[in-house]
Amino acid sequence: MELLVMRHGDAEDSKDDFHRRLTSLGRDEARDAALAIADRDFKPEVIYASPLKRAQETAGIVAEHLRMDVVECDSCLLYTSDAADDSLRVDLGGRRIIKK
């Protein structure tokens, strides 16, 4: 199984974290990522995105370029650690993937 984990593009500052939208830079970043994925002839089987607005926008831009749909996944959240070990934990609907 190949897994591509992608963070959202640059988002606006807001106290309402759930509804923060992408900035124009963030939309450009998402488009550039989509083009890079397409240039590598990599097409995922599915694109999951958390319900956060910025994640949905990022996934939507990538999906549009790859001619795919986005599956909203309430439990698909990416957590990064501020710890020195730069650990990463991904929760895909109860399936945990941990990288250290």
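1. Asp17 is partly exposed, at 38% relative accessible area. Keep in mind that this is a predicted model, so every value here is computed from it. The partner to look at is Arg54: the two form a salt bridge, and their closest N and O atoms are 3.2 Å apart. Asp17 sits in the segment before H1 while Arg54 belongs to helix H2, so the pair ties together parts that are 37 residues apart in sequence.

2. Is Arg54 buried or exposed? With a relative accessibility of 5%, Arg54 counts as buried, because the cut-off for that label is under 20%. Its partner Asp17, by contrast, falls in the partly exposed class at 38%. Arg54 also turns up in a backbone role: its backbone oxygen is reached by the side chain of Thr58, at 2.9 Å. Thr58 is placed in helix H2, which covers residues 53-66, and is itself buried at 5% relative accessibility.

3. The next pair to check is Arg21 with Glu57. These two make a salt bridge with 2.9 Å between the closest N and O atoms. Arg21 is in the segment before H1 and Glu57 is in helix H2, so this pair ties together parts 36 residues apart in sequence. On accessibility, Arg21 comes out partly exposed at 39%, whereas Glu57 is buried at 15%.

4. Within helix H1 there is a local pair. The side chains of Arg31 and Asp28 meet in a salt bridge, 3.1 Å from N to O. The two residues are 3 apart in H1, which means about one helical turn separates them. Both ends have some access: Arg31 is partly exposed at 33%, and Asp28 is partly exposed too, at 35%.

5. Some of these bridges are linked. Salt bridges with shared partners join Asp17, Arg20 and Arg54 into one network. How many salt bridges are there by this rule? The count comes to 5. As for the general background, side chains of opposite charge can pair when their charged atoms come close.

6. Now for charge without pairing. Where does negative charge gather on the surface? Asp10, Glu12, Asp13 and Glu29 make up a negatively charged patch there. One of its members, Asp10, lies in the segment before helix H1, whose residues are 24-39. Asp10 is partly exposed, with 33% relative accessible area. Patch members need over 30% and no salt bridge, so Asp10 qualifies on the area part at 33%. If you plan to look at electrostatics, this is the group of residues to pull up on screen.

7. There is a nonpolar surface patch as well. Val46, Tyr48 and Val71 form it, and together they have about 250 Å² of accessible area. Val71 is located in strand S2, residues 70-72. With 36% relative accessibility, Val71 counts as partly exposed.

8. Last, a backbone point. Which residue other than glycine has a positive phi near 55 degrees? Arg67 does, and the place to find Arg67 is the loop between H2 and S2. Arg67 counts as exposed, with a relative accessibility of 75%, over the 50% cut-off for that label.

Notes: Residues are numbered from 1 along each chain as its sequence is written. This is a predicted model: local features need pLDDT of at least 70, side-chain atom pairs count only at pLDDT 80 or more; totals for chains, interfaces and linings use all residues. Side-chain values use heavy atoms; hydrogens and water are left out. Patches are made of residues with over 30% relative accessible area and no salt bridge: like charges are joined within 9 Å, nonpolar side chains (Val, Leu, Ile, Met, Phe, Trp, Tyr) within 5 Å. Accessible areas come from the Shrake-Rupley method with a 1.4 Å probe; for residues, only the protein chains shown count as cover. A salt bridge is a side-chain nitrogen of Lys or Arg within 4 Å of a carboxyl oxygen of Asp or Glu. Lys and Arg count as positive and Asp and Glu as negative; His and the chain ends are not counted. The place of a charge is taken as NZ of Lys, CZ of Arg, CG of Asp or CD of Glu. Helices (H or I, at least four residues) and strands (E, at least two) are DSSP runs, numbered from the N terminus. Buried means under 20% relative accessible area, exposed over 50%, partly exposed in between (1.4 Å probe, protein chains only). A polar contact is a pair of N or O atoms within 3.5 Å; within protein, one must be able to donate a hydrogen and the other to accept it, and residues adjacent in sequence count only if both atoms are side-chain atoms.
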